[in-house]
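Here's a quick briefing to read with the model open beside you. Pull up the sequence, keep the viewer handy, and let's walk through it.

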Amino acid sequence: MKDMFGSPGSVSGLMLRIGQCLCAAASIGWMVSASGFSNYTAFCYLIASMGLQVLWSFGLACLDFYALRIKKDLQNAVLVSLFVVGDWVTATLSLAAACSSAGIVVLYARDLHFCTNSKMHLPCSRFEISIAMAFITWFFIAISSHVMFWLLASA
């Protein structure tokens, strides 16, 4: 298998997984800090999706760290195929959650004016930051799943 940016067991792979984990955790933090987020299904779905992403990325970051520490190669076909499937699943869930949450915020902020209305004042800026972090997380996952796919194809 080739040695690519973001390969499992490499420093770049570890940094990619840490970036995924931190951005997903930041997305959760911003969403949880917004009052009333639990009243909206899309925001709860974003929390669940980012929670799964934190677990997946943290687990693979630990595996990358362990592989770097003992100088073990993680690039075998079975392990990379597991990484491909896991990355594709989490990427799909993360993109769906970010897009649905973004759609809700656009509806409430631009069309219904719930963010500026005195009766229904929602913390839309916190929602927007959380969603932006979710999209950044997805971008990192997209890079990772692309690399894993090409590693699997080159095996």
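Of the 155 residues in this protein, 42% count as buried. Keep in mind that this is a predicted model. The build is easy to remember: 4 helices and 0 strands, which along the sequence reads α-α-α-α.

**Overall layout**

- The C-alpha trace spans about 60 × 25 × 20 Å along its principal axes.
- Take the contacts between residues at least 6 apart in sequence: 80% of them join residues at least 24 apart.
- About 8,000 Å² of the protein is exposed, and carbon and sulfur atoms supply 71% of that area.

**The helices H3 and H4**

- Helix H3 runs over residues 77–111, which makes 35 residues. From first C-alpha to last it reaches 49 Å, close to the 51 Å expected at 1.5 Å a residue.
- Helix H4 covers residues 124–153, with 30 residues. Its end-to-end C-alpha reach is 43 Å, close to an expected 44 Å.
- Which residues of H4 are buried? They are Cys124, Phe127, Ser130, Ile131, Ala134, Thr137, Ile141, Ser144, Ser145, Val147, Met148 and Leu151.
- For a bit of background on reading such a list, an α-helix has 3.6 residues a turn, so residues three or four places apart point the same way.
- The cover over the buried residues of H4 includes H1, H3 and helix H2 (41–70).

**The salt bridge**

- The count here comes to 1 salt bridge. Its partners are the side chains of aspartate 87 and arginine 17, at 2.8 Å from N to O.
- Aspartate 87 sits in helix H3 and arginine 17 in helix H1, so this pair ties together parts that are 70 residues apart in sequence.
- Are the two partners buried or exposed? Aspartate 87 counts as buried because its relative accessibility is 0%, under the 20% cut-off. Arginine 17 also counts as buried, at 3% relative accessibility.

**Aromatic rings**

- There are 7 aromatic pairs in the count. In one of them, the rings of tyrosine 108 and phenylalanine 114 have centres 5.1 Å apart and planes at 35°, so that pair is tilted.
- Ring pairs also link up into a cluster made of Tyr40, Phe43, Tyr108, Phe114 and Phe127.
- Two members of that cluster are buried residues: Tyr108, with a relative accessible area of 14%, and Phe127, which is on the buried list for H4.

**Tyrosine 45, between H2 and later residues**

- Tyrosine 45 belongs to helix H2 and counts as partly exposed, at 31% relative accessibility.
- What does tyrosine 45 touch, leaving out residues up to four places away in sequence? The contacts are Leu93, Ala96, Ala97 and Ser100.
- Serine 101 is 56 residues from tyrosine 45 along the chain, and their C-alpha atoms are separated by 8.4 Å.

**A nonpolar patch on the surface**

- Val11, Met15, Ile18 and Leu22 make a nonpolar surface patch of about 380 Å².
- Valine 11 is part of helix H1, which covers residues 11–33. At a relative accessible area of 52%, valine 11 is exposed, because the cut-off for that label is over 50%.

**Two loop residues with positive phi**

- Some context first: most residues other than glycine have a negative phi.
- Lysine 71 goes the other way, with phi near 55° in a residue other than glycine. You'll find lysine 71 in the loop between H2 and H3, where it is exposed with a relative accessible area of 73%.
- Histidine 113 is not a glycine either, yet has a positive phi of about 55°. Look for histidine 113 just after H3, in the loop between H3 and H4.
- Histidine 113 is partly exposed, with a relative accessible area of 44%.

Conventions: Residues numbered from 1 in each chain as written. Heavy atoms only, no water. Patch = residues over 30% accessible without salt bridge, like charges linked within 9 Å, V, L, I, M, F, W, Y side chains within 5 Å. Areas by Shrake-Rupley, 256 points an atom, 1.4 Å probe, with all protein chains shown as cover. Salt bridge = Lys/Arg side-chain N within 4 Å of Asp/Glu carboxyl O. Buried < 20%, exposed > 50% of the residue type's maximum accessible area, 1.4 Å probe, protein only. Expected span 1.5 Å × (residues − 1). Contact = heavy atoms within 4.5 Å. Phe/Tyr/Trp six-rings, centres within 6.5 Å; stacked < 30°, edge-to-face > 60°.
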